[in-house]
Amino acid sequence: MQSEFVARWTDGKRLVFVGDGDAISVCVSYLKSREVLEYGPSKVMVLDFDERIVNAVKRFADKERLENLDARLYNVLDALPDDLVDFDCFYTNPPWGQYNNGLSINLFVDRGMEAVSLSGEGLVVIADDRELPWPQEVLAQVQRHAAESGFYVARMQPELHLYHLDDAPDLRSCNLLFRSRPGNSTERVSKPVTDKLRLENFYGRTKAPKVRYIRELKSLNYGQAHDTEYKLELLEGLHERDS
Ligand SMILES: C[S@@+](CC[C@H](N)C(=O)[O-])C[C@H]1O[C@@H](n2cnc3c(N)ncnc32)[C@H](O)[C@@H]1O
């Protein structure tokens, strides 16, 4: 359902994902290439600090010949590279900011807005639960922050998803779709974030970022379980004959 919505929303457009643990990028590209969907983005780029995700996207794109799908290793704490500012739309499902009043979300959204040069649209998957105060406060903070950058809420699909998170199994999330105001100024230089105060609860209570990249340890046979994960217990007798 989410992939179909994203494919329709970005039909013929250039789409960047700021983090994509859910692999919506791969789903949208693949469903179009297999003609399950007749529409979808013209170009898809995944930015993530986890090299396992980046390489998995690249390997899948290569294996399935998805020329419009690519991925790049990138940490949102760093300034956005200059060659990543020509997208029409961005998508992000950031760390939900329960203990930082949405600061973590605003940073992911900032990088999305920079990637569309502050002129375009963005879909933010964000916690949405009227039973709990913090998601409502974070929603307000994120909308205020986006408005300060010249974006307004063009659409919201409330309480749409359930993530069955270990620590919040019933927490719902929504699709919050932002659009830039006509003639929104595009003059903004992307800067790295180093201000400790802003980062102290980035990934949760007292969980400040410590990792620049999660590097993938090369495994020989992609698509196969790593040798360290299993041991074959061979059938007696048959073994000799084989060898
Ligand atoms: C962490 S998940 C968040 C999922 C869900 N919203 C949550 O709160 O559990 C989002 C994606 O962002 C990526 N990510 C996390 N921190 C990042 C960073 N500093 N820079 C770039 N990508 C990051 C993760 O690898 C993952 O693919």
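Modeller: Let's start with a term: a polar contact is a pair of N or O atoms within 3.5 Å. Keep in mind that this model is predicted.

Biologist: What makes the side chains of tryptophan 96 and asparagine 93 a polar contact?

Modeller: Their distance is 3.2 Å, and the limit is within 3.5 Å, so the pair counts.

Biologist: Why is tryptophan 96 called buried or exposed?

Modeller: Buried means under 20% relative accessible area. Tryptophan 96 has 11%, so tryptophan 96 counts as buried. Its place is the loop between strand S4 (89–92) and helix H4 (103–115). Residues touching tryptophan 96 include Ile105, Val125, Trp134 and Leu171.

Biologist: And leucine 232, how do you know whether that one is buried or exposed?

Modeller: Exposed means over 50%. Leucine 232 has a relative accessible area of 62%, so leucine 232 is exposed. You can find leucine 232 in the loop between helix H6 (196–199) and helix H7 (238–242). Together with Tyr230 and Leu234, Leu232 forms a nonpolar patch on the surface, with about 330 Å² of accessible area.

Biologist: Now the ligand. How do you know which residues surround it?

Modeller: A residue counts as near if one of its heavy atoms lies within 4 Å. There are 16 residues around the ligand, and Gly21, Asp48, Asn93, Pro94 and Tyr203 are the closest.

Biologist: What makes aspartate 48 a polar partner of the ligand?

Modeller: A side-chain N or O atom of aspartate 48 is 2.6 Å from a ligand oxygen. The cut-off is within 3.5 Å, so this is a polar contact. The protein covers 82% of the 580 Å² of accessible area that the ligand has on its own.

Key
Residues are numbered from 1 along each chain as its sequence is written. This is a predicted model: local features need pLDDT of at least 70, side-chain atom pairs count only at pLDDT 80 or more; totals for chains, interfaces and linings use all residues. Side-chain values use heavy atoms; hydrogens and water are left out. Patches are made of residues with over 30% relative accessible area and no salt bridge: like charges are joined within 9 Å, nonpolar side chains (Val, Leu, Ile, Met, Phe, Trp, Tyr) within 5 Å. Accessible areas come from the Shrake-Rupley method with a 1.4 Å probe; for residues, only the protein chains shown count as cover. A salt bridge is a side-chain nitrogen of Lys or Arg within 4 Å of a carboxyl oxygen of Asp or Glu. Helices (H or I, at least four residues) and strands (E, at least two) are DSSP runs, numbered from the N terminus. Buried means under 20% relative accessible area, exposed over 50%, partly exposed in between (1.4 Å probe, protein chains only). A polar contact is a pair of N or O atoms within 3.5 Å; within protein, one must be able to donate a hydrogen and the other to accept it, and residues adjacent in sequence count only if both atoms are side-chain atoms. Contact means heavy atoms within 4.5 Å. Lists of a residue's contacts leave out its neighbours within four places in sequence.
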